[in-house]
Amino acid sequence: MNDLLIQNIKALVLPKKTDRPLKGKELDELEVIENGTVVVKDGKIVYSGKHTDEYEAKETIDATGKVVSPALVDAHTHLIHGGSREHEMTLKRQGVSYLEILEQGGGILSTVEATREATEDQLFEKAEHDLLTMIHHGVLAVESKSGYGLDKENELKQLRVSRRLQEKYNLDMRHTFLGPHAVPKEAESNAQFLQEMIDLLPEVKEYADFADIFCETGVFSIEESKRYMEAAQKEGFKVKIHADEIDPLGGLGLAIDEGAISADHLVASSDEDKKKLKDSDTVAVLLPGTTFYLGKESYADARGMLEQNGAIAIATDYNPGSCVTNNLQMVMAIAALKLKLSPNEIWNAVTVNAAKAIDVDAGTINEGDKANIVIWHAPNHEYIPYHYGINHAEKVIKDGKVIVDHQLQLS
Ligand code: NIG
Ligand code: FE
């Protein structure tokens with residue numbers, strides 16, 4: 001007997017299962033079935049497709065008028081951090097820029113202080129709440145970075161918290177070592193600090209899947225990023241890079257040359273680097289919520305990247321400074337409005353391609369896949385990036401079990 005039957009689905013969103021990321025025009029191709037059925041047994045999809053009465057199950061959910069999709073994948077977050085930085089909003093109102101705040105010892109460095117001060121349990125509790133919020137918004141696969149410790153003890157503390165969350169909730173999580181996220185106040189020089197982070201790589205390997213670096217003016221240069229990425233690859237890490245977020249240093253080109261699994265931000269990437277996407281499976285992880293929150297006019301050139309046959313994904317970049325939201329649905333709306341992506345492109349970018357960006361088996365609900373599913377209170381799949389700032393996830397189903405149920409009612 002099957003465990004769960006989801007019947008009368010108004011729109012069943014079925015991203016294509018592939019072994020490489022979707023590229024260019026492929027992102028606009030998305031199967032959306034009107035009047036669909038999904039069948040689950042032992043936590044796995046037995047059937048997903050057009051309506052059928054062939055199956056019986058112990059439990060049936062009537063999804064009349066609803067959208068059903070794979071659970072979302074958030075491929076770039078700074079989930080584990082201490083404190084918050086609402087005081088920076090005043091500085092921003094006064095016109096102080098993100099990099100100026102960092103130069104003055106605020107920004108990332110103020111979160112470093114708060115993270116160092118927090119105990120492991122305090123960090124866990126805070127991140128747990130943020131992670132549960134993400135799950136309530138339909139996300140069941142998450143990448144989580146360190147990068148607010150900037151020393152061995154505190155980087156490992158963050159990564160341990162990330163692992164504990166994965167164990168507690170048995171989630172598809174990937175953990176990223178972002179030791180070179182900023183240069184701490186006590187460092188002698190950038191070069192000395194970078195070397196310290198490179199020397200940490202073998203020890204961090206036990207906790208982290210990826211190694212990441214912030215390549216930006218006043219933080220780490222292209223040469224330093226290359227040195228770090230190559231050292232990390234030698235240690236067996238797949239690499240990622242925060243690239244061209246503010247200044248066009250050439251981080252996208254470097255990522256592609258190094259065969260990085262993803263290059264993230266890419267707001268200021270050059271045309272020459274974007275052209276290289278054509279022959280590469282490096283996923284361009286775009287974070288339009290960050291551009292929005294930093295109040296910038298110019299967004300990453302998603303359309304240009306797709307024209308170059310690039311692979312793109314969309315993620316929140318959830319962090320306490322440059323993008324203070326862990327609601328991926330909100331970022332889907334910003335992607336529609338500011339990156340000019342179509343609903344199909346956005347859905348592929350937060351499911352199958354986001355999964356490729358973090359090397360996780362998620363983002364599709366075809367036969368044999370894990371039954372990680374969201375039932376959305378929405379009449380069609382275009383509605384979710386359209387009606388913004390609201391949580392449309394009504395039920396979140398993990399391994400075939402309903403773990404979130406948001407039937408709105410008052411007590
Ligand atoms: O991806 N740009 C670097 N790192 C984060 C921001 C971190 C912070 O401001 O705390 C980002 O935007
Ligand atoms: Fe980031």
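The shell around ligand 1 divides into 4 nonpolar, 8 polar and 3 charged residues. This description rests on a predicted model. Ligand 1 sits in the second largest cavity, and residues that UniProt lists under "binding site" in an unreviewed entry help to line that cavity, among them His78.

**Surroundings of ligand 1**
- Of the 15 residues around ligand 1, those that come nearest are Tyr98, Tyr148, His181, Glu245 and Ser322.
- The side chain of Tyr148 places an N or O atom 2.6 Å from an oxygen atom of ligand 1.
- An oxygen atom of ligand 1 also lies 2.6 Å from a polar side-chain atom of Ser322.
- In the case of Glu245, a side-chain N or O atom is 2.6 Å from a nitrogen atom of ligand 1.
- Ligand 1 would expose 330 Å² if taken alone, and the protein buries 100% of that area.

**Annotated binding site**
- The unreviewed UniProt entry lists His76, His78, His242 and Asp317 for "binding site".
- These residues are spread over 242 residues of sequence but cluster in space, with a largest C-alpha distance of 12.1 Å.
- Of these residues, His78, His242 and Asp317 are included in the lining of the second largest cavity.
- His78 is located in the loop that runs between β6 (72-74) and α1 (88-93).

**Annotated domain**
- According to the unreviewed UniProt entry, residues 67-401 carry the feature "domain: Amidohydrolase-related".
- The span of residues 67-401 is 41% helix and 16% strand, and its end C-alpha atoms lie 18 Å apart.

Methods:
Residues are numbered from 1 along each chain as its sequence is written. Chains are lettered from A and ligands numbered from 1 in the order in which they are written. This is a predicted model: local features need pLDDT of at least 70, side-chain atom pairs count only at pLDDT 80 or more; totals for chains, interfaces and linings use all residues. Side-chain values use heavy atoms; hydrogens and water are left out. UniProt positions are given in the numbering used here, feature names are shortened, and annotations may be inferred rather than shown by experiment. Helices (H or I, at least four residues) and strands (E, at least two) are DSSP runs, numbered from the N terminus. A residue is near a molecule or strand if one of its heavy atoms lies within 4 Å of it. A polar contact is a pair of N or O atoms within 3.5 Å; within protein, one must be able to donate a hydrogen and the other to accept it, and residues adjacent in sequence count only if both atoms are side-chain atoms. Accessible areas come from the Shrake-Rupley method with a 1.4 Å probe; for residues, only the protein chains shown count as cover. On a 1 Å grid over the protein atoms alone, a cavity is a set of points where a 1.4 Å probe fits but cannot get out, and a pocket is an open set with protein on both sides within 12 Å along at least five of seven lines; lining residues have an atom within 4 Å of a point. A molecule sits in a cavity or pocket if more than half of its atoms lie within 2 Å of its grid points. Ala, Val, Leu, Ile, Met, Phe, Trp, Tyr, Cys and Pro count as nonpolar, Asp, Glu, Lys and Arg as charged, and the others, Gly among them, as polar.
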